[in-house]
Amino acid sequence: MAEEQNWQEASNHTPCANNCGFLGSPTTFNFCSKCYEDHCLKDQNMSQAKLAVEKSLSQQPETSFSSISSPATAPSSDPLVVVKTVPEVAVKSQPRNRCAKCNRRVGLTGFTCRCGITCCGTHRYPEQHGCTFDYKTMGREAIAKANPVIKAAKLQKI
């Protein structure tokens, strides 16, 4: 009966590489199914941790000696000429936990508008806080992107 069903002995199975008592196969690096799943999860977690470390390292500001030195004087032929840089004006920004219109504390219920300001429930609508974001142009661009113009090729008359 075994000859009729072409039974073959599973000669390619070996004990699990983790010595858990089950059989492993060469397709799963000689791990059983449970150990292979754990191995894949460990590899995935390590790759995610590696990406997170690389991302955090790339986000840190890099300082170089050229950026540290201040351009107070410019090299020129006349030693009395001094180039003065104009300091940048600090933009006064509204705290993220206050409404930009009425300065009310919003806490966790603050609404961040597309123009970049945080508003309370009363001033969350664009008409209420004098929004500078152009919703009409954004809508037109979204429609144009979603519906490209399709023109058929013109036929040449013979």
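A residue is taken as buried when its relative accessible area is under 20%. In the predicted model analysed here, cysteine 16 falls under that limit, so it counts as buried, with a relative accessibility of 2%. Cysteine 16 belongs to the loop that links β1 (14-15) to β2 (23-24). Apart from neighbours within four places in sequence, the contacts of cysteine 16 are Phe22, Leu23, Gly24, Asn30, Phe31, Cys32 and Cys35. One of these residues, cysteine 32, follows cysteine 16 by 16 residues along the chain, and the two C-alpha atoms are 5.4 Å apart. Lysine 34 is 18 residues from cysteine 16 along the chain, with a C-alpha separation of 10.0 Å.

The chain as a whole contains 4 helices and 4 strands, arranged from the N terminus in the order β-β-α-α-β-β-α-α. Buried residues make up 10% of the 158 residues. The accessible surface amounts to about 14,700 Å², and carbon and sulfur atoms account for 57% of that area. Of the contacts between residues at least 6 apart in sequence, 4% connect residues at least 24 apart.

Helix α1 spans residues 33-59 and includes both lysine 34 and aspartate 38. The side chains of these two residues form a salt bridge, with an N to O distance of 3.6 Å. The count of salt bridges in the model is 1. Side chains of opposite charge can pair when their charged atoms come close. The two partners are 4 residues apart, about one turn of the helix. An α-helix has 3.6 residues a turn, so residues three or four places apart point the same way. Neither partner reaches the limit for burial: lysine 34 is partly exposed at a relative accessible area of 49%, and aspartate 38 is also partly exposed, at 37%.

Aromatic side chains were examined next. A pair of aromatic rings is described by the distance of the centres and the angle of the planes. The whole structure yields 2 aromatic pairs. In one, phenylalanine 29 and tyrosine 36 adopt a tilted arrangement, with 6.2 Å between centres and 40° between planes. Phenylalanine 29 is exposed, its relative accessible area being 55%, whereas tyrosine 36 is partly exposed at 26%. In the other pair, phenylalanine 133 and tyrosine 135 meet edge-to-face, with a centre-to-centre distance of 5.0 Å and an angle of 75° between the planes. Both members of this pair are partly exposed, phenylalanine 133 with a relative accessible area of 28% and tyrosine 135 with a relative accessibility of 32%. A further ring, that of phenylalanine 111, has the charged end of arginine 124 over it, at 5.0 Å from the ring centre.

Phenylalanine 29 lies in the loop between β2 and α1, and its backbone has a positive phi, near 55°, in a residue other than glycine. A positive phi, of about 60°, is also found at asparagine 103, which is not a glycine. Asparagine 103 is located in the loop from α2 (65-68) to β3 (111-112) and is partly exposed, with a relative accessible area of 44%.

Histidine 123 occupies the loop between β4 (118-119) and α3 (126-129). With a relative accessibility of 13%, histidine 123 is under the 20% limit and therefore counts as buried. When neighbours within four places in sequence are set aside, histidine 123 contacts Cys99, Lys101, Cys102, Gln128 and His129.

Helix α4 comprises residues 135-146, 12 residues in total, and extends 16 Å from its first C-alpha to its last. This span is close to the 16 Å expected at 1.5 Å a residue. Helix α4 is hardly covered, the number of buried residues among its 12 being 0.

Methods. Residues numbered from 1 in each chain as written. Predicted model: local features only at pLDDT ≥ 70, side-chain atom pairs only at ≥ 80, totals over all residues. Heavy atoms only, no water. Helix = DSSP H or I, 4+ residues; strand = E, 2+ residues; numbered from the N terminus. Buried < 20%, exposed > 50% of the residue type's maximum accessible area, 1.4 Å probe, protein only. Contact = heavy atoms within 4.5 Å. Areas by Shrake-Rupley, 256 points an atom, 1.4 Å probe, with all protein chains shown as cover. Salt bridge = Lys/Arg side-chain N within 4 Å of Asp/Glu carboxyl O. Phe/Tyr/Trp six-rings, centres within 6.5 Å; stacked < 30°, edge-to-face > 60°. Lys NZ or Arg CZ within 6 Å of the ring centre and 35° of its normal. Expected span 1.5 Å × (residues − 1).
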